[in-house]
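Trainee: I would like to go through this model and check why its features carry the labels they do.
Mentor: Go ahead, and ask for the value behind each label.

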Amino acid sequence: MISQFYILSSRGDVIIRKDYLGDVPRTSSETFFRNAKFWKEGDGEAPPVFNVDGVTYLHIKEGGVQLVATTRTNLSPSFVLEFLRRICTIVKDYCGFLSEDAIRKNVVLIYELLDEVVDYGFPQSTATEALKQFVVNEPIVVPPAFYQAKPLFSLSKGPTGVFKSVLETSRTDGKRRDEIFVDVVERITCTFNASGFIASAQVDGAVQIKSYLAGNPPIKIKLNDDLLIGKRDTPYGLDRAAERGHMVVLDDCNFHEVANLENFDVDRTISLVPPDGEFALMNYRTTHGFKPPFRLHATVDADPNSEYKALLTLRLWCEIPAEKASSGLEVEVPTPRWVQRVHCDLDGAGGGAAQNWDFNEKTHLLRWRFKRCPGGSEFTLRARLTLEKPYVPSLRSEVGPVNLRFTIPMYSASRIMLKYLQILKKADKNYNPYRWVRYVTASNSYTFRT
């Protein structure tokens, strides 16, 4: 059972608090924030689950706030963390966006939702559609500050979904706008060995939908004709075809309960009546035909001019199509503690204006950042390391592993595509709502061993 639930601001202020059982002190929020902010083990961030004085704290961070659940019982951590994720989705569905400002302006509504979602510490239904009939308060929709002067929805920027409440779908004053949003979101997990070859690679994806269609008409979505699922359905020899990019092969997938798969095996179409709120129509995983979007080669050599210096060279290749570009690329290079200072020179397309670097002398972490990294480009970082002791060959094994973080808009690593999105509303032939389809590929864990 969950003892307490609260939402904290980035400063540690309690915005929302619900105490269900009364067996955890009210000061637990201060205990959590102090331990999470000044976590000592490994000088890293606090893990999503930790225990202090017999109280287990489970937390996630999203939209600049932290959602925390506490308990004294033996609960499944994955269950509670997924429950916190569901609360994030509910807040976004009803308030339009998850942020400190949105929560503060919708405190009464969020308390009303929490009363329905949790009963005496036991999580109940978290379905947006089921909660809608119990909600009385009207939301105050607060779009994020960076988005207020921009269009309602961008194909290349912003988080999944759209910044308005699901309660707006019931408006009949003529001001509402019929539209549906479909996001194909993929996360890459990839590890390269010291020679630059792929040791393991996996793409985890989801087709997420958020509908604002009047009357909830049925829709039909078509995926790739060359899509194959599972090895049992993959004929002999098609594994090689997948590796060459001729087929799209998924290891496994699952569908939301609203999906009608009657014709899926015939023509790869999915029929459904989309429920209120954001939901994942399809989750999938693949290890076939994966082409990594980035390659990197790292070398560490002695400096011929000084035994107390070393030369680190990083060469980065962006291998996505030339018309695509990665945004917010960050390359992290851990260095040994006996590296005192670092100075870098940058080369490559875009010049120094599009990329920069910094070195944290406390954590000994070198970061190489790109504002925008276009496809088909090559970049080089040359770092001069100042050492506390003379250079030894073992320094090469102490640098790294190198980690990449990135987001690539309008790019699908698995090559899964939506061929069409059809809205089946026969009563009005002129009915033509807005359809928005977006592809986003991001890193989950992208590591180069050195």
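Trainee: In which strand is Arg-17 found?
Mentor: Arg-17 is in strand S2. Keep in mind that this is a predicted model.

Trainee: How do you know that Arg-17 has no salt bridge?
Mentor: The nearest side chain of opposite charge is that of Asp-19, 6.3 Å away. A salt bridge needs a side-chain nitrogen of Lys or Arg within 4 Å of a carboxyl oxygen of Asp or Glu. Arg-17 is therefore listed as buried yet without a salt bridge.

Trainee: What joins the side chains of Arg-17 and Ser-29, and what makes it count?
Mentor: A polar contact of 3.3 Å joins them. The cut-off for such a pair of N or O atoms is within 3.5 Å, so the label applies.

Trainee: Which residues does Arg-17 touch, leaving out those up to four places away in sequence?
Mentor: Gln-4, Phe-5, Tyr-6, Arg-26, Ser-29 and Tyr-111. Ser-29 also appears among the buried residues of helix H1, together with Ser-28, Thr-31, Phe-32, Phe-33 and Ala-36.

Trainee: What covers those buried residues of H1?
Mentor: The cover includes S1, S2, S3, S4 and S5.

Trainee: What is the order of strands in the open sheet of 5 strands?
Mentor: The order is S2-S1-S5-S4-S3, with antiparallel pairing.

Trainee: Why are strand S2 and strand S3 said to stand at the edges?
Mentor: S2 (14-19) and S3 (49-52) each have a single partner strand, so one side of each is left without a neighbour in the sheet. The twist from one strand to the next averages 20°. Helix H1 (residues 28-37) packs on this sheet and touches S1, S2, S3, S4 (55-62) and S5 (65-71), its direction making about 55° with that of S1.

Trainee: What makes S1 and S2 a pair?
Mentor: They are joined in the antiparallel sense over 5 bridges. Pairing asks for at least two, so S1 and S2 qualify. Within S1 (residues 4-8), Leu-8 stands opposite Val-14 in S2. Helix H4 (residues 107-117) lies across S1 and S2, at about 25° to S2.

Trainee: Why is Ser-9 called buried?
Mentor: Its relative accessible area is 1%. Buried means under 20%, so Ser-9 meets the criterion. Ser-9 is in the loop between S1 and S2, and its contacts beyond four places in sequence are Ile-15, Gly-64, Glu-100 and Arg-104.

Trainee: Why does Arg-187 count as partly exposed?
Mentor: Its relative accessibility is 43%. Buried ends under 20% and exposed begins over 50%, so Arg-187 falls in between. Arg-187 is in strand S8 (residues 179-192). Outside four places in sequence, Arg-187 is in contact with Gln-202, Val-203, Asp-204, Ala-442, Ser-443 and Asn-444.

Trainee: Which sheet contains S8, and how is it ordered?
Mentor: An open sheet of 9 strands with mixed pairing, in the order S13-S15-S9-S8-S25-S23-S18-S21-S20. S13 (252-255) and S20 (355-360) are its edges, because each has a single partner strand. Neighbouring strands are turned by 15° against each other on average, direction ignored.

Trainee: How do you know that S18 and S23 pair?
Mentor: S18 (residues 325-334) and S23 (residues 402-409) share 4 bridges in the antiparallel sense. At least two are needed, so they pair. Val-331 stands opposite Leu-404 in S23.

How values were computed
Residues numbered from 1 in each chain as written. Predicted model: local features only at pLDDT ≥ 70, side-chain atom pairs only at ≥ 80, totals over all residues. Heavy atoms only, no water. Axes fitted to C-alpha atoms, helices over the stretch in contact; angles between N-to-C directions. Contact = heavy atoms within 4.5 Å. Buried < 20%, exposed > 50% of the residue type's maximum accessible area, 1.4 Å probe, protein only. Lys, Arg positive; Asp, Glu negative; His and termini not counted. Polar contact = N/O pair within 3.5 Å; in protein donor to acceptor, adjacent residues only side chain to side chain.
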